[in-house]
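Let's take a walk through this structure, with an eye on its aromatic rings and one of its strands. Have the viewer open and follow along.

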Amino acid sequence: QSRLVESGGGLVQPGGSLKLSCTGSGFAVNNYAVGWFRQAPGKEREGLSCISKSGKTINYQDRAKGRFTISRDSAKNTFDLQINNLQPWDTARYFCTASSTRYCSGTYYYGEDLEYDFWGQGIQVTVST
């Protein structure tokens, strides 16, 4: 089955860094615009960043600017989210997505769930002292 799977999450102290990876199986990720979301308990899902199919267009939502870096690797069929200087409010479950219909722009994140062809299962990031 075609799917996305996140990896690289875990427990980290404030100021630490993590690199989340999203690996596609059963399909070519480079045929899709891709992006990252997160959701903390009791809160709405937040868009973070996306990157276009070609990798030439990148968008960061305000909450992700400065400390987040998105990249993709066609050869590995993956895309990543590097997060530096993690803070407690970054604690959330992080999801990767791929869409054949939504372009990477400031509006990538506002589609209904079904507008994203693939969702990862999510991976927990916990930032705590």
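What follows goes from ring pairs to a ring cluster and then to a strand. Keep in mind that this is a predicted model.

Let's start with the rings. The structure holds 13 aromatic pairs. Take Trp 36 and Phe 79, for instance: their rings meet edge-to-face, 5.6 Å centre to centre, with 65 degrees between the planes. Trp 36 belongs to strand β4 (residues 33-39) and Phe 79 to strand β8 (residues 78-83), so this pair ties together parts that are 43 residues apart in sequence. Both Trp 36 and Phe 79 are buried.

Now look at Tyr 116 and Trp 119, another edge-to-face pair, at 5.4 Å centre to centre and 70 degrees between the planes. Are the two partners buried or exposed? Tyr 116 has a relative accessible area of 3%, which falls under the 20% cut-off, so it counts as buried. Trp 119 comes out at 27%, so it's partly exposed.

That pair also sits in a wider network: ring pairs join Phe 37, Phe 95, Tyr 108, Tyr 109, Tyr 110, Tyr 116 and Trp 119 into a cluster. Phe 37 has a charged partner as well, since the charged end of Arg 45 sits over its ring, 5.4 Å from the centre.

Finally, follow strand β1 (residues 3-7), where the side chains alternate. Leu 4 and Glu 6 point to one face and are buried, while Arg 3, Val 5 and Ser 7 point to the other and aren't. β1 pairs with strand β3 (residues 18-25) in the antiparallel sense, over five bridges. In that pairing, Ser 7 stands opposite Ser 21 of β3.

Methods:
Residues numbered from 1 in each chain as written. Predicted model: local features only at pLDDT ≥ 70, side-chain atom pairs only at ≥ 80, totals over all residues. Heavy atoms only, no water. Phe/Tyr/Trp six-rings, centres within 6.5 Å; stacked < 30°, edge-to-face > 60°. Helix = DSSP H or I, 4+ residues; strand = E, 2+ residues; numbered from the N terminus. Buried < 20%, exposed > 50% of the residue type's maximum accessible area, 1.4 Å probe, protein only. Lys NZ or Arg CZ within 6 Å of the ring centre and 35° of its normal. Pairing = 2+ DSSP bridges.
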